[in-house]
Amino acid sequence: SREFKGLQSFKTHNLNMLLRLSGYDDSVRQKRQNEWSIVIKWNTEARCRIQGVSESDVKDTLRAVTSIVALLVKS
């Protein structure tokens, strides 16, 4: 897409890489390690898979993402 023109090397779904590129790697890993350990389990295949995913797993992931986003917004 146009938004990534010239930036293909940054187009990734690798969450560790995205966190590193964001500049918030240390902050998230220090202040939200528990949440990050939940979020990092996500991958592109997981978004289409519903078998074996419990409601509590989904809720935990959403809480973790919300917590990390709140930290980033404050920064």
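How many residues apart are Glu-55 and Lys-59 in helix 4, and what is their separation in helical turns? I put this at the head of the page and looked it up before anything else: Glu-55 and Lys-59 are four residues apart in helix 4, which means a separation of about one helical turn. I note here that the model is predicted, and that residues are numbered from 1 along the chain.

**Entry: the chain as a whole**

I went through the secondary structure and found four helices and zero strands, so that the order of elements from the N terminus on reads α-α-α-α. The chain has 75 residues, and I noted that buried residues make up 17% of them. For the accessible surface I wrote down about 6,100 Å², with 54% of it belonging to carbon and sulfur atoms. I also looked up the spread of contacts along the sequence: among those between residues at least 6 apart, 61% join residues at least 24 apart.

**Entry: salt bridges**

The search of the whole structure gave three salt bridges, and I took them one at a time. I kept in mind, as background, that side chains of opposite charge can pair when their charged atoms come close.

I began with the pair from my opening question, Glu-55 and Lys-59, which form a salt bridge whose closest N and O atoms are 3.0 Å apart. Glu-55 is exposed, with a relative accessible area of 56%, whereas Lys-59 counts as partly exposed at 42%.

Helix 4 also holds Arg-63 and Asp-60, three residues apart and about one turn of the helix from each other. Their side chains meet in a salt bridge of 2.7 Å, N to O. I recorded Arg-63 as exposed because its relative accessible area is 53%, and Asp-60 as partly exposed because its value is 31%.

Turning to helix 2, which covers residues 25-31, I found Arg-29 and Asp-25 four residues apart, again about one turn of the helix. The closest N and O atoms of this salt bridge are 2.5 Å apart. Is Asp-25 buried or exposed? At 18% relative accessibility Asp-25 counts as buried, since the cut-off for buried is under 20%, while its partner Arg-29 is partly exposed at 29%.

I wrote one general remark beside these pairs: an α-helix has 3.6 residues a turn, so residues three or four places apart point the same way.

**Entry: the nonpolar core**

Which residues make up the largest nonpolar core? I listed eight: Leu-15, Leu-19, Val-28, Trp-36, Val-39, Ala-64, Ile-68 and Leu-71. Helix 1, helix 3 and helix 4 are the elements that give two or more residues to this core, and the largest share, three residues, comes from helix 4.

I then followed Leu-15 outward from the core list, and, leaving aside its neighbours within four places in sequence, I found Leu-15 in contact with Trp-36, Val-39, Ile-40 and Trp-42.

**Entry: helix 1 and its ends**

At the N-terminal end of helix 1 I found Asn-14 acting as a cap, with a side-chain oxygen 3.0 Å from the backbone nitrogen of Asn-16. After the helix comes Gly-23, for which I noted a positive phi, near 85 degrees.

Within helix 1, which covers residues 15-22, I looked up Met-17, and I recorded Met-17 as partly exposed, with a relative accessible area of 32%. Met-17 belongs, together with Leu-18 and Leu-21, to a nonpolar patch on the surface, and the three have about 230 Å² of accessible area together.

**Entry: Ser-67 and Asn-34**

What does the side chain of Ser-67 make a polar contact with? I found the side chain of Arg-32 at 2.8 Å. Ser-67 lies in helix 4, residues 55-74, and is buried, with a relative accessible area of 18%. Not counting residues up to four places away in sequence, Ser-67 touches Arg-32 and Glu-35.

My last look was at Asn-34, which lies in helix 3, residues 33-39. Asn-34 is exposed, with a relative accessible area of 62%, and although Asn-34 and Ala-64 are 30 residues apart in sequence, their C-alpha atoms are 8.0 Å apart in space. Ala-64 is one of the residues I had already listed in the largest nonpolar core.

Technical notes. Predicted model: local features only at pLDDT ≥ 70, side-chain atom pairs only at ≥ 80, totals over all residues. Heavy atoms only, no water. Buried < 20%, exposed > 50% of the residue type's maximum accessible area, 1.4 Å probe, protein only. Patch = residues over 30% accessible without salt bridge, like charges linked within 9 Å, V, L, I, M, F, W, Y side chains within 5 Å. Areas by Shrake-Rupley, 256 points an atom, 1.4 Å probe, with all protein chains shown as cover. Salt bridge = Lys/Arg side-chain N within 4 Å of Asp/Glu carboxyl O. Polar contact = N/O pair within 3.5 Å; in protein donor to acceptor, adjacent residues only side chain to side chain. Contact = heavy atoms within 4.5 Å. Core = buried A, V, L, I, M, F, W, Y, C linked by side-chain atoms within 4.5 Å.
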